[in-house]
Amino acid sequence: QMLYDVGFSFKIKLRWEDRYAQLAQYFIRHGHTRVPCSDNIRAEDEEFPGLYTWVQSQRMEYYRWRNNIPSSMTDEKFKLLDTLDLDLSPLESGWEAKMVQLRSYREEHGHIRVTKSQNMELATWLIVQRQQYRLFHGDTPWESRLTEARIDALNELGMEWDPLERRWQKKWNVLKSFFDENGHSNVPKEYPPNPSLSLWVQKQRRHYKDGTLSADHDRQLRTLNFVFNVAQDTFEKGILKLRSYKEIHGNCRVPSTYTDRELAIFVINQRRQYQKFLNGESSSSSMPKDRQLALEELGFHNDIIAQMSSPSSSSPTQVLTETPRNIERWEDNYNCLVSFHSKHGHCDVPTNYEDEALATFVKVQRMDYKRLQSGQSKRMTPLRLKKLESIGFSWNINDARWMKRYSELEAYRQEFGNCCVPDKFKENPQLGSWVRNQRFQYKNYQNGTKTTLTQERLEMLEKIGFAWTVKRKTKAPKK
């Protein structure tokens, strides 16, 4: 404490001149000034304790001084250190050494695409330069050790900052030559003249499907009318040709020997796929709904079923879902349903309706739809589904009836101010019975027994102030 009181310093702080003298002695003894890091040697073996840290600080001060940042370095100090051949920029010196190696490599090979098998250290250094280049042109350029001068020096040697991009552009140029020669860029999967080009084209399609194809590459490929989805493109072209064929011939029965071989092959493939679809043998991926709908809108399904059902058909397996007569009958019943809808405003044909065939038709459609939901029926095609829904067809008759009564209850509430419909409501006896049934279903709901009252229905009724219990019989309201 007495020493502290008189300002005694336990840590020796040498002047700049003293440290310089130690460095000079180190230079005389060893012939260089590469002072080892004190972390790598024992304290008792350290020749000049603290000298390594001081040398590092001189390098930092030199860097600040050279870049016009306030520093303790002066011209005089710089000259003194230079007399001892002190490397004040070791990183820069190492960079220059690598540039010397790179120039030698270029003179020997004519390029600087160094591989790790040739020179691991130099190849790794080039990878680091590319990383530093991305930093230099990124959001944090100050973190990069590259400078404009270094970039220019590397560019003079033919530096490829993005070798993968160079390879991609090289393949694109080959594809462009193919496009110029053939008028398209659909390189076959098996292309003997250049198998690698075929593989590259397939790879671009995979990148596009995965969403990993860059916007620049996408734009470049589109300039060559590149087809990213070959199957969809083939189908769309085939549909256009088939539509033109039908306009001329009135049907889609394209002969297998037709002069347009592409159309003939397209129709053969679609017939095969559609037959599998009718027999329930194909997945949704091989015959998507949009393709089914496009074919059915042209009447393709009628023609193919007619052909498959004809005695002259040579198909080995024909387990058909429907015959042409059934298809015709369906269209007749549908037209009757359209007339019913125009007259009554809905498609809920009663089971005891005078037209029994129409009542049965409606019932069968709901059954087919239910089977379709569980993947058991193929009769409810996308086209039929679309046509029925276009006239407001209700797939669940119970839901339709419930919503009808609910709408009547809303009208009752607007007129009388409550939902307490009497059991015997002369104007609408069915509504009174329905309201009573909702209260009965509510009791089952509370007891956890079977009920038709769902949570959604319960919330809808409570929203309009439905009373679940009544103390006495409700009399008929007076208007």
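**Loop between α10 and α11.** I looked up N225 and found this residue in the loop that runs from α10 (215–222) to α11 (230–249). The model is predicted. I checked the backbone there: phi of N225 is near 55°, a positive value in a residue other than glycine. I then asked whether N225 is buried or exposed. N225 has a relative accessible area of 54%, so the residue counts as exposed, the cut-off being over 50%.

**Nonpolar cores.** Next I went to the largest nonpolar core, which has 19 residues. L409, W434 and L461 have the most contacts inside this core. Which elements give two or more residues to the core? I noted α18 (397–416), α19 (429–447) and α20 (455–463). The most comes from α18, with 5 residues.

I listed the partners of L461, leaving aside neighbours within four places in sequence. L461 is in contact with W402, Y406, L409, W434, Q438, L453, F466 and W468. I also noted a second, separate core of 18 residues, with I112, L122, L126 and L157 among its members.

**Aromatic pairs.** How many aromatic pairs does the structure hold? I recorded 24. I looked at two of these in detail.

For W330 and F361, the ring centres are 5.7 Å apart and the planes stand at 65°, so I entered the pair as edge-to-face. The pair links distant parts of the chain, with W330 in helix α15 (residues 324–344) and F361 in helix α16 (residues 356–373), 31 residues apart. Both W330 and F361 are buried.

For W402 and W434, the centres are 5.4 Å apart with planes at 65°, so this pair is edge-to-face as well. W402 is in helix α18 and W434 in helix α19, 32 residues apart, and I noted that the pair links distant parts of the chain. I checked the burial of each ring residue. W402 has a relative accessible area of 5% and is therefore buried. W434 is at 10% and also counts as buried, because the limit is under 20%. Both tryptophans are on the contact list of L461.

I added one cluster to this entry: ring pairs link W16, Y20 and W54.

**Surface patch.** Last, I turned to the surface, where M60, Y63 and I69 form a nonpolar patch. Their accessible area together is about 290 Å². Y63 is found in helix α3 (residues 51–66). I looked up how far Y63 is covered: with a relative accessible area of 45%, Y63 is partly exposed.

How values were computed: Residues numbered from 1 in each chain as written. Predicted model: local features only at pLDDT ≥ 70, side-chain atom pairs only at ≥ 80, totals over all residues. Heavy atoms only, no water. Patch = residues over 30% accessible without salt bridge, like charges linked within 9 Å, V, L, I, M, F, W, Y side chains within 5 Å. Areas by Shrake-Rupley, 256 points an atom, 1.4 Å probe, with all protein chains shown as cover. Salt bridge = Lys/Arg side-chain N within 4 Å of Asp/Glu carboxyl O. Helix = DSSP H or I, 4+ residues; strand = E, 2+ residues; numbered from the N terminus. Buried < 20%, exposed > 50% of the residue type's maximum accessible area, 1.4 Å probe, protein only. Core = buried A, V, L, I, M, F, W, Y, C linked by side-chain atoms within 4.5 Å. Contact = heavy atoms within 4.5 Å. Phe/Tyr/Trp six-rings, centres within 6.5 Å; stacked < 30°, edge-to-face > 60°.
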